[in-house]
Amino acid sequence: MEMGFFDNHGLGYKNRQGAESFRREDLMGIQAAFEEEKIPTVKSEEEIRRSLEFGLEAADSIEDRTISCFSRGELPHYAGINTFMKVPFLEDVRQVGNFDVAFMGVPFDIGTTYRAGTRFGPQAIRRISSLYTPYNYELGVDLRESLNMCDVGDVFTIGNIEKSFDQITKAVSHVFGSGAMPIIFGGDHAIGYPCVRGIAENVEGNVGIIHLDRHADIQEKDMDERMHTTPWFHATNIPNAPAVNLVQVGIGGWQVPRPGVKVARERGTTILTVGDVESMGIEKAAEIALEIAWKGAKAVYLSFDIDSVDCGFVPGTGWPEPGGFLPREALKFLQLVAKEGICAMEVVEVSPPYDISDTTALLAARGALDVLATMVKHGKIGKSF
């Protein structure tokens, strides 16, 4: 085996003959380090000034004078009020149109058919999101600098499925119709229907749906109600959300009821199994999903069911199923879809009572952040630098 060495300047790896086997500047990690230099720090400096004004200056013994007495910003990660990513809480939702992105929770789980607990999903996702910074190294995006974001809190859902659907539709419609992009944290997957309904009534044209899941969720009823196994039957009954623009990715296993398969076949939806994606690759799967969802559509809605990921990585969900995506694969697919822009996104089926070390909630938060950062990087929202 031929040995090699790094040159004295650390510019590349050379074999015994002195030939450079790679160029350091071609590494994505090195390129990302130089891209960071282009990102401004305006918003982070504003946050420090705000923290010192509203949270008081630190005690005299504190040497770092950017630290406030009361926590009012990103740091420390273990402190503060749990909005998503510690963005400002918008108490007056009438002002949501002043923001690019609005995070919102839908603590609803009476549409579950087995293990409840997703009503606590928004809390868990917000709590663990404080682990992250607003900057992503590989993508070279600082969301704090690029986007004006807020957290509008939770939709007031109640112990009635249909009345809760009406509440959810009104909330999503208000946020989207005001001009902000909704990022919606469920909640069980029944919310997909009222969320799409809230989007569709504000779009002059068709809405496509890209649905990442292990389950088809397209039968008409389950246990005589519109449950988390039924959202896409009812969403594709909306005149401008036709079934031919619905793409379902990752479907398979032993939890796909035959009534839903029958509907998918009759309505002409497109289903890609994990096997399909494995054989064709993530890039091709995303290309197909985008082609179908966007065909004749004015906007595309993204639904990320956390149980699309193998349950070994996401134990905190109501319907765990082996054989799903690796987290890296799911995140790559979300990024590829986001490159073309989406109108809204939901992340559903995070059930904290079954979670271990918040890993499921963490992936849910990561998925939303990767989508936003990708959209920024490709000029679909906010400012890129």
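Reader: What makes K86 count as buried?
Author: The relative accessible area of K86 is 15%, and buried means under 20%, with exposed over 50% and partly exposed in between (1.4 Å probe, protein chains only). K86 therefore falls in the buried class. Before we go on, this is a predicted model, where local features need pLDDT of at least 70, side-chain atom pairs count only at pLDDT 80 or more, and totals for chains, interfaces and linings use all residues. Residues are numbered from 1 along each chain as its sequence is written, and side-chain values use heavy atoms, with hydrogens and water left out.

Reader: What is the phi of K86, and where does this residue lie?
Author: Phi of K86 is near 60°, a positive value in a residue other than glycine. K86 lies in the loop between α2 (42-55) and β3 (101-106); helices (H or I, at least four residues) and strands (E, at least two) are DSSP runs, numbered from the N terminus. P76 has its place in that loop as well, and the peptide bond from L75 to P76 is cis, with omega near -10°.

Reader: Why is D358 called partly exposed?
Author: Its relative accessible area is 25%, a value between the two cut-offs, so D358 belongs to the class in between. D358 is found in the loop between β12 (344-348) and α12. Phi of D358 is near 65°, again a positive value in a residue other than glycine.

Reader: Which residues of the largest pocket are closest to its centre?
Author: They are E47, R50, K86, V87 and P88, out of 29 lining residues. A pocket here is an open set of points on a 1 Å grid over the protein atoms alone, where a 1.4 Å probe fits, with protein on both sides within 12 Å along at least five of seven lines; lining residues have an atom within 4 Å of a point. The largest pocket holds about 760 Å³ of space, a volume being the space filled by probe spheres set on the points, which are joined across faces, edges and corners.

Reader: What gives the most residues to that lining, and how is it made up by class?
Author: α2 gives the most to the lining of the largest pocket, with five residues, and α4 (143-146) is also one of the elements that give two or more. By class there are 13 nonpolar, eight polar and eight charged residues. Ala, Val, Leu, Ile, Met, Phe, Trp, Tyr, Cys and Pro count as nonpolar, Asp, Glu, Lys and Arg as charged, and the others, Gly among them, as polar.

Reader: How do you know where the second largest pocket lies relative to domain 1 and domain 2?
Author: Domain 1 (23-76) and domain 2 (84-378) both give residues to its lining, so the second largest pocket lies between them. The bounds come from an automatic or database domain assignment. The volume of this pocket is about 410 Å³. It is lined by 17 residues, of which M28, N136, E138, L139 and Q335 lie nearest its centre. The largest share of the lining, five residues, comes from α1, while α11 (327-338) and α12 (359-377) each supply at least two.

Reader: How far apart are the centres of domain 1 and domain 2?
Author: Taken over C-alpha atoms, the centres are separated by 31 Å. Their contact (heavy atoms within 4.5 Å) takes 15 residues from domain 1 and 12 residues from domain 2.

Reader: Why do the buried residues of α8 line one face of the helix?
Author: The buried residues of α8 (residues 258-267) are G260, V263 and A264. Seen down the axis they fall within an arc of 100°, so they line one face; the arc is that of the directions from the helix axis to the C-beta atoms. The face turned away from the buried side carries the exposed residues R258, R265 and E266. Among the elements that cover the buried residues of α8 are α7 (231-235) and β10 (270-273). After α8 comes G268, whose phi is positive, near 75°.

Reader: And what makes α6 count as largely enclosed?
Author: Eight of the nine residues of α6 are buried, so the helix is largely enclosed by the rest of the structure. Those buried residues are G192, Y193, P194, C195, V196, G198, I199 and A200. Their cover includes α5 (161-177), β8 (206-212) and β11 (297-305). In the loop between β7 (181-186) and α6 (192-200) you will find G187, and the peptide bond from G186 to G187 is cis, with omega near 15°.
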